[in-house]
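Here is a small set of exercises to work through with the coordinates open beside you. Try each task on your own before reading its solution.

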Amino acid sequence: MELRNKRIDNDTFYKERKEVLASWPTGKDVNFEEAVEFQKSIPEEKIFGRKLAQADAEGRTLIQPRAGVALYTEHIRLLQFLEEEGGADLLPSTVDSYTRLNRYHEAENGIIKSKESGRSMLNGFPIVNYGTKICRTVTSALKNPVQVRHGTPDARLLTEISIAGGFTSYEGGGISYNIPYSKNFSLEKTIMYWQYTDRLVGMYEEAGVSINREPFGPLTGTLIPPCISSAVAVIETLLAAEQGVKDITVGYGQCGNVIQDVAAIRSLRELTNSYLKEYGYDDVRVTTVFHQWMGGFPQDEAKAFGVISWGSATAALAKATKVIVKTPHEAMGVPTKEANAAGLRATKQVISMLRDQSLVDIPVVEQESDIIVRETKCILDKVFELGKGDLAVGTVAAFEAGVLDIPFAPSRYNAGKVLPARDDNGAVRILDTGHLPFTEDLKAFHREKLEERSRFEHRPVSFQMVIDDVYAIGKGFLVGRP
Ligand SMILES: CC[C@H]1O[C@@H](n2cnc3c(N)ncnc32)[C@H](O)[C@@H]1O
């Protein structure tokens, strides 16, 4: 089948679905009509998109951790602890790395070793191996809505079992779970795999079951200019909407300059709504998610709480619908449930104290937001042009041409020519625009911002600034000063 941004027809979908459900034994337990009935039996307060919509309407920021362990009994205990002791408003199930690569045999071994050793030998929850019934045991044991978080280029079977298993939200996308995560995975293939995922969500929507979808905003989490993460988020939103998805949360990873971060959330919401409207998807609900600092973390737990609180404050001041919470064990690896709950409590404390304040409409944020909107439109207009109007085809062509280019991404399909560096206030600017289709005035804006830093530091604008900014975090700073 050729790549096209077109709703997958039923015959094609059902033919592919047979192969997908046969790709691991637990796939045979998935029955769409039965799963629809199960999803309809889930209480209102556990429907992910409903809770997001309510918070958005009230201008509140919900808190959500990442969490996942190998044994499902332990996973239930972990998630119950995070909602009881951590105060999580929304729950995750972070999937293990083997499952993300469709290596279910190794995930199976991980479960066995975990049972033998009494500790989690996987870095997440292996949804495919457990299958529908056990997933329902997990999701039914919790008070709050539960979302599947992962990083899977071919997530078709994972989607089937996740939704049948009672999860009411699903993260990821054909670009955001490929380019930042994989080296050799064909972008064309992952876009098509994620069209399958979104078509399945669309079919649940048509059957009266609303599943929230969340493209992965942070991408590589390293100095990502807001216009690049916004362009990817809008593309994945439009591709999902074409398949019938009606409930979308677009995301962004904290970069560190508060004005720019607040502007990034403001412009992301504006861009997503305007592009949905422009392309005729008038009935898609849009919310936003802010990811706390995705860069390196200090080992010292008190310092880590400082980073967590800073991300919490920015999320609150940006009026993000939800914030993804880090833990004081971030520098070490998979956190204990206690550390995870502590990160949540610190976050809720800051979010609550700042709930009556906002920076969204202050002039400097509006100015920064306008820049991001103009930059993102330059990119997206070129993507549509390269695709001769077809967004999916245009996306593949845009990566080939370097029009879409994600800094520090491992994928061979990524040009890797765009070089970001921080300006004198720590905002992420673009030192080398590569093949980004920016207008001259936008290029001049970035050059001038970096010249300001150059004058302050008495050194030329150079690649050394990029290196210094990457290493600055480890020294507890944002801007890598000489
Ligand atoms: C996107 C990367 C983020 O996911 C986090 N992460 C990955 N696996 C788990 C896990 N199993 N439990 C908690 N956090 C996790 C990791 O610490 C990092 O902050």
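The exercises below concern a predicted model, and each is followed by a worked solution.

**Exercise 1. Cysteines**

Task: Find how many disulfides the structure holds, and check the surroundings of Cys 255.

Solution: Start with the sulfur atoms. A pair counts as a disulfide within 2.5 Å. For Cys 255, the nearest cysteine sulfur belongs to Cys 227 and is 11 Å away, and Cys 255 is in no disulfide. For the structure as a whole, the count is zero. Now turn to accessibility, where buried means under 20% relative accessible area. Cys 255 has 5%, so it counts as buried. Cys 135, with a relative accessible area of 0%, is buried.

**Exercise 2. Strand 3 and its partners**

Task: Work out which strands pair with strand 3 and in which sense.

Solution: Take strand 2 (residues 91-94) to begin with. Strand 2 runs parallel to strand 3, and four bridges join them. Leu 91 is the residue opposite Val 146 of strand 3. Next, look at strand 4 (residues 169-171), which pairs with strand 3 over two bridges, in the parallel sense. Here Gln 147 faces Ser 169 of strand 4. To see how the chain links these two strands, follow helix 8 (residues 156-164): strand 3, helix 8 and strand 4 make a β-α-β unit that is right-handed. Finally, check the side chains of strand 3 (residues 146-149). Val 146 and Val 148 point one way, Gln 147 and Arg 149 point the other way, and all are buried.

**Exercise 3. The nonpolar core**

Task: Locate the largest nonpolar core relative to the two domains.

Solution: Begin with the domains. The domain assignment gives domain 1 (10-354) and domain 2 (417-481). Their centres, taken over C-alpha atoms, are 31 Å apart. Across the boundary, twelve residues of domain 1 are in contact with 15 residues of domain 2.

Now the core: it has 126 residues, of which Ile 127, Tyr 204, Ile 379 and Ile 406 touch the most other members. Helix 10 (residues 226-242) supplies the largest share, eleven residues. Both domains give residues to this core, so the core lies between them. For a closer view, pick Ile 379: leaving out residues up to four places away in sequence, its contacts include Cys 227, Ala 231, Val 403 and Leu 436. Another core, of seven residues, lies apart from the largest one and includes Trp 293 and Val 479.

**Exercise 4. A hairpin and positive phi values**

Task: Describe the pairing of strand 9 with strand 10, then find where Lys 388 and Phe 408 are placed.

Solution: Strand 9 and strand 10 (residues 428-432) are antiparallel and share four bridges. Arg 422 has Val 428 of strand 10 as its bridge partner. Five residues lie between the strands of this hairpin, and Gly 426 there takes a positive phi near 90 degrees.

For the other two residues, keep the usual case in mind: most residues other than glycine have a negative phi. Lys 388 has a positive phi of about 45 degrees, and sits in the loop between helix 14 (363-386) and helix 15 (391-401). With a relative accessible area of 79%, Lys 388 is exposed. Phe 408 has a positive phi near 65 degrees, and is in the loop between helix 15 and strand 9. At 40% relative accessible area, Phe 408 is partly exposed.

Notes. Residues numbered from 1 in each chain as written. Predicted model: local features only at pLDDT ≥ 70, side-chain atom pairs only at ≥ 80, totals over all residues. Heavy atoms only, no water. Buried < 20%, exposed > 50% of the residue type's maximum accessible area, 1.4 Å probe, protein only. Pairing = 2+ DSSP bridges. Right-handed = clockwise from strand over helix to strand, strands pointing away. Core = buried A, V, L, I, M, F, W, Y, C linked by side-chain atoms within 4.5 Å. Domains from an automatic or database assignment. Contact = heavy atoms within 4.5 Å.
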